[in-house]
Structure formats: C-alpha cells, structure tokens
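Trainee: Please take me through one part of this model in close detail. I would like the surroundings too, so that the part can be placed in the whole.

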Amino acid sequence: MPSELGPVLFRLISATHRLSRGATVRLDHGLSASHYRTLGLLRDIQPMRIGQLAEQNHISQPGMTKIVASLEAQGRVARLADPADSRASIIEITDAGRDVLTQRGQDLAALLKQDFSDLNDEQVAVLAKAADILESRNAPKGGTSK
C-alpha cells in the first residue's frame with residue numbers, strides 16, 4: 001500500500017464532504033441532513049427497525065422516532081410489521097422518499113456543475129475515474145442493499 005494513500009483519502013473525503021455540505025446549504029428542500037441520511041440508509045440498506053436506523057445515523061432512538069414520524073407523515077417512509085417480531089415495526093422507504101432523494105441528487109449535481117464548469121475533458125475523466133474507484137469500495141457487502 002502506498003504510504004501517501006492515507007493522506008490522499010483524507011483530503012478526498014474532506015473535500016467531498018465540504019462540497020456536499022456547501023451545496024446542501026445553498027439548496028433548500030425543507031428536510032434536515034438527518035432526514036436525508038435516514039432516507040439514504042433506507043434506500044441503501046432497507047428495511048430496518050428504528051433502533052437500527054438510530055444506530056446507523058448516530059442519533060438517539062427518540063430522535064430517530066421523531067424523524068421517522070415526520071417522514072411517515074410526509075409519505076416518504078412506511079412502517080411495516082416486522083415478520084420476526086409482531087410487536088416491532090420495520091421502516092422502509094416509499095417511492096415518494098426515493099423521488100425526494102433523486103430530486104435532491106439532481107439538484108445538487110446541477111448546482112455543483114456550475115462550480116466545475118471550467119474543467120476540461122481530461123479533468124472530468126479523472127473525476128469520473130475517482131468516482132468509479134470510490135463507488136467500487138462503497139459497494140454493499142453480502143447483498144444487503146437493494
């Protein structure tokens with residue numbers, strides 16, 4: 001493993017986080033970052049119990065319960081009976097929730113496209129290759145994603 005890999009990965013993660021956060025601040029979709037994270041988790045690893053969502057989101061279970069209630073009222077998630085335990089519910093994203101994530105992604109991309117409009121074809125190809133590498137490392141393990 002190249003010794004410079006750690007610092008490069010740190011720079012990459014930091015830069016993408018700042019870009020995403022900065023673009024998100026410029027957009028107003030009416031949902032908090034926690035709402036979007038919850039929808040993204042349910043899209044990528046769905047379905048799951050509220051406790052699992054809270055753990056994945058690094059927030060309290062009561063906090064997650066409020067987020068889920070809000071998203072459920074908006075029709076973006078649905079509660080289903082947990083087949084393993086009839087006393088519990090599992091939460092899944094709805095088509096409306098997927099649509100919100102898709103629209104947000106398109107809006108973020110359009111906004112960031114303006115910031116990157118001065119790149120030449122070679123630089124865009126480098127970014128595309130970097131995106132391919134990151135996506136290959138972020139692929140779900142064990143078939144837990146839909």
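**A close look at one helix residue and its setting**

Mentor: Start with Leu112, which sits in helix H5. This is a predicted model, so every value here is computed from predicted coordinates. Outside its neighbours within four places in sequence, Leu112 touches Leu19 and Ala23. Take the second of these partners. Ala23 and Leu112 are 89 residues apart along the chain, yet their C-alpha atoms are separated by 6.8 Å.

Now widen the view. The chain holds 6 helices and 2 strands. In sequence order the pattern runs α-α-α-α-β-β-α-α. The C-alpha trace spans about 55 × 40 × 25 Å along its principal axes. Of the contacts with a separation of 6 or more, 52% join residues 24 or more positions apart. The pair Leu112 and Ala23, at 89 residues apart, illustrates such a separation.

Helix H1 covers residues 5-26, and Ile13 is found in it. Ile13 has a relative accessible area of 57% and therefore counts as exposed, since the cut-off for exposed is over 50%. Ile13 also belongs to a nonpolar surface patch with Leu5 and Leu9. Together the three have about 250 Å² of accessible area. For the chain, the exposed area is about 10,100 Å², and carbon and sulfur atoms supply 56% of it.

Next, the interior. Buried residues make up 24% of the 146 residues. The largest nonpolar core has 18 residues. Those with the most contacts inside this core are Leu39, Leu42, Leu53, Met64, Val68, Val77 and Ile91. Helix H5 (95-115), the element that carries Leu112, is among those giving two or more residues to this core. The others are helix H2 (33-45), helix H3 (50-57), helix H4 (61-73) and strand E2 (85-93).

Ile91 shows how these parts meet. Leaving aside neighbours within four places in sequence, its contacts are Leu42, Pro47, Met48, Ile50, Leu53, Val68, Val77, Ala78 and Arg79. Several of these names come up again among the core residues with the most contacts, including Leu42, Leu53, Val68 and Val77. Arg79 has a further link to Ile91: the two are bridge partners, with Ile91 in E2. The bridge belongs to a strand pair. Strand E1 (residues 77-82) and E2 run antiparallel over 6 bridges. A hairpin of 2 residues connects E1 to E2.

Two histidines complete the picture. His35 lies in helix H2. His35 is buried because its relative accessible area is 13%, below the 20% cut-off. Beyond neighbours within four places in sequence, His35 is in contact with Ile67, Ser70 and Leu71. His58 is placed in the loop between H3 and H4. His58 is exposed, with a relative accessible area of 74%. The backbone of His58 also deserves a look: phi is positive, about 60°, although His58 is not a glycine.

Return to the starting point. Leu112 lies in helix H5, and its contacts outside the local stretch are Leu19 and Ala23. Helix H5 also gives two or more residues to the largest nonpolar core.

Methods. Residues are numbered from 1 along each chain as its sequence is written. This is a predicted model: local features need pLDDT of at least 70, side-chain atom pairs count only at pLDDT 80 or more; totals for chains, interfaces and linings use all residues. Side-chain values use heavy atoms; hydrogens and water are left out. Patches are made of residues with over 30% relative accessible area and no salt bridge: like charges are joined within 9 Å, nonpolar side chains (Val, Leu, Ile, Met, Phe, Trp, Tyr) within 5 Å. Accessible areas come from the Shrake-Rupley method with a 1.4 Å probe; for residues, only the protein chains shown count as cover. A salt bridge is a side-chain nitrogen of Lys or Arg within 4 Å of a carboxyl oxygen of Asp or Glu. Helices (H or I, at least four residues) and strands (E, at least two) are DSSP runs, numbered from the N terminus. Buried means under 20% relative accessible area, exposed over 50%, partly exposed in between (1.4 Å probe, protein chains only). A nonpolar core is a set of buried Ala, Val, Leu, Ile, Met, Phe, Trp, Tyr and Cys residues joined through side-chain atoms within 4.5 Å. Contact means heavy atoms within 4.5 Å. Two strands pair if DSSP finds at least two bridges between them.
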